[in-house]
Amino acid sequence: MKWLVYFSLCVIFTDLAIPANITEVNTLYTDLMSGYNKYIRPLTSTSDPMYVNVTFSLLGIKEFDEVNGKFSVNGFFMITWSDSRLAWAPLLYNNIYTIELPESKVWIPNLTLLNSYERVESLGRGIVPVTVTSTGKAFWSPGDVISSACDVDVTYYPFDTQSCSMMLTCFGFAPTAIVTQAPDTEINMAFFSEHGTWELLDKKINTFLNPGTSYISISMDMKRRPAFAVINIVLPMLFMVVLNLLVFVLPVESGERLSYSITVLLAIAVFLTLVGDNLPKTSKPTAILSYFLLADLVLSSLICVFVILGLAIYYKDDSEKPVPKIIAKLCCHRRKRTGGIKNITVVEPYNERSTEDKKFSVPDNEDEDWEKVTWKMVSNCFDWIVFVTCLVAIIISTILYFFMTM
């Protein structure tokens, strides 16, 4: 940022000085370009490297493609370096302190994006002039849509956080010739516009100097805004699954159970087709949300199967095939005593025997039977068990999904 302050002071001093005319500016330009070779980098000694300072101003996040791993931003750089061949004495040119030179006429650093998404090429298109001060300090501010490759992890979609970086260096120059560095570790956000999907959490510029190369890394951490996916994907899916579960509350006599469950299942299938465009189309890794939606679809299919089984049980003929006792026990129906009373004759000793034997009655404990259980009662019990089981499965899967992703 100190280069920006220095540049601003030079512009102010230029405005306060006596203005020069076009002839004097043309003379200065001719003198600077006389004998200037733009193919030779600025140097004072071949043993000393020159330093290229880079700062970055972020305008906005343009695109983040989860499938292809493409990260694009809008922004511009402020690149500064020193070129002693472009220095002059301002008093000899009517106090001209700065001049704008064409990008194609002077030496500029070939700052290249190393992890470019499409092709590796240098910044600059020949349209941004280079501002040079009388001390030989050059300021160049190229801007463009920068697209870099990024490793994407959508496991926790739509509550995921992504980290992307852009690595830039003066391609082809060793650190002994040119050192690319960032004097400031912060990214300029003065002109930044918020993105509707991504929230920028952290951003920084780091300088890496190795024996073989020197480069800067512009890193950004982003968090997805989950409201769209939750409102348009997660909640509607939950509502439809719960709606499908209510088929067990519908009376069997209505005759609409099977058609109701299949209609909801088809609605879920159509809904998954529509929301497929909003899901990350990647298999490594696969989003947990995809497994969650698949589990809901499988559960809805099982509900249709349970409805068919329940109807088959409900319409069984009790006279042809009675309910087995083990099923009656599972349905928690009570037993009742239906046995009669046996008459037992008791013979007393001879001296106490009356002319007529005494008789008394005792209950018959062995003659017992189960209460009459019909297949309709079994069907109602089956519906209740399936309803509670599916409801617990929906609650557990939903809690697990939000616990794993948030």
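# A tour from Y314 outwards

Select Y314 to begin: with a relative accessible area of 6%, Y314 is buried. The model is predicted. Now add Y315, which is exposed at a relative accessible area of 57%. Y314 and Y315 make an aromatic pair of the edge-to-face kind, with 5.1 Å from centre to centre and 80 degrees between the planes. The two members of this pair fall on opposite sides of the burial cut-offs, because buried means under 20% relative accessible area and exposed means over 50%.

**The whole chain**

Zoom out and colour by secondary structure. The protein chain has seven helices and 15 strands. Of its 406 residues, 38% count as buried. Its exposed surface comes to about 23,000 Å², and 60% of that is supplied by carbon and sulfur atoms. Taking contacts between residues at least 6 apart in sequence, 75% join residues at least 24 apart.

**Aromatic rings**

Next, show the side chains of Phe, Tyr and Trp. How many aromatic pairs does the structure hold? There are twelve aromatic pairs in the structure. Go to F292 and Y401, whose ring centres are 4.9 Å apart and whose planes stand at 20 degrees, so this pair is stacked. F292 belongs to helix α5 (residues 288-314) and Y401 to helix α7, so the pair ties together parts that are 109 residues apart in sequence. Are F292 and Y401 buried or exposed? Both are buried. Add F159 and F402 to the selection: ring pairs link these two with F292 and Y401 into a cluster.

**Along helix α7**

Stay with helix α7, which spans residues 375-405, and pick V392 in it. V392 has 41% relative accessibility and so counts as partly exposed. Switch on the surface and select W384, I385, V388, V392, I396, L400, F403 and M404. Together these residues form a nonpolar patch on the surface, with about 810 Å² of accessible area.

Now step back to V373, in the loop between β15 (368-370) and α7. At 9% relative accessibility V373 counts as buried, because the cut-off is under 20%. Draw a C-alpha to C-alpha distance from V373 to C331: the two are 8.9 Å apart in space and 42 residues apart in sequence.

**The nonpolar cores**

Select F56 and M220. These are the residues with the most contacts inside the largest nonpolar core, which has 86 residues. A second core, separate from that one, has eight residues, including V323, C331, W375 and V378. C331 is thus a point met twice on this tour, as a member of the second core and as the partner in the distance to V373. As background, nonpolar side chains in soluble globular proteins tend to be buried together.

Return to M220 and show what surrounds it. Which residues is M220 in contact with, leaving aside neighbours within four places in sequence? They are F56, L58, F71, V73, Q162, S163, C164, M166, I187, L200, D202 and K203. F56 is therefore both a contact of M220 and, with M220, one of the residues with the most contacts inside the largest core.

**Strand β7**

Select S148, found in strand β7 (residues 143-149). At 0% relative accessibility, S148 counts as buried. Outside its neighbours within four places in sequence, S148 is in contact with G69, K70, F71, L113, N115, S116, Y117, S165 and M166. F71 and M166 also appear among the contacts of M220.

**Salt bridges**

Finish with the charged side chains. The count of salt bridges comes to nine. K70, the contact of S148, is part of a salt-bridge network with E63, E118, R119 and E121. Within the network, zoom in on R119, which is exposed at a relative accessible area of 53%. The side chain of R119 meets that of E118 in a salt bridge of 4.0 Å, N to O. E118 is exposed as well. R119 also meets E121, at 3.4 Å, N to O. With 43% relative accessibility, E121 counts as partly exposed.

For the last stop, select D83 and R85. Their side chains meet in a salt bridge of 3.1 Å, N to O. Which burial class does each of D83 and R85 fall in? D83 is buried, with a relative accessible area of 1%, while R85 counts as partly exposed at 30% relative accessibility.

Definitions and conventions. Residues are numbered from 1 along each chain as its sequence is written. This is a predicted model: local features need pLDDT of at least 70, side-chain atom pairs count only at pLDDT 80 or more; totals for chains, interfaces and linings use all residues. Side-chain values use heavy atoms; hydrogens and water are left out. Buried means under 20% relative accessible area, exposed over 50%, partly exposed in between (1.4 Å probe, protein chains only). Patches are made of residues with over 30% relative accessible area and no salt bridge: like charges are joined within 9 Å, nonpolar side chains (Val, Leu, Ile, Met, Phe, Trp, Tyr) within 5 Å. Accessible areas come from the Shrake-Rupley method with a 1.4 Å probe; for residues, only the protein chains shown count as cover. Helices (H or I, at least four residues) and strands (E, at least two) are DSSP runs, numbered from the N terminus. A nonpolar core is a set of buried Ala, Val, Leu, Ile, Met, Phe, Trp, Tyr and Cys residues joined through side-chain atoms within 4.5 Å. Contact means heavy atoms within 4.5 Å. Rings of Phe, Tyr and Trp (its six-membered ring) pair if their centres lie within 6.5 Å; planes under 30 degrees apart count as stacked, over 60 as edge-to-face and the rest as tilted.
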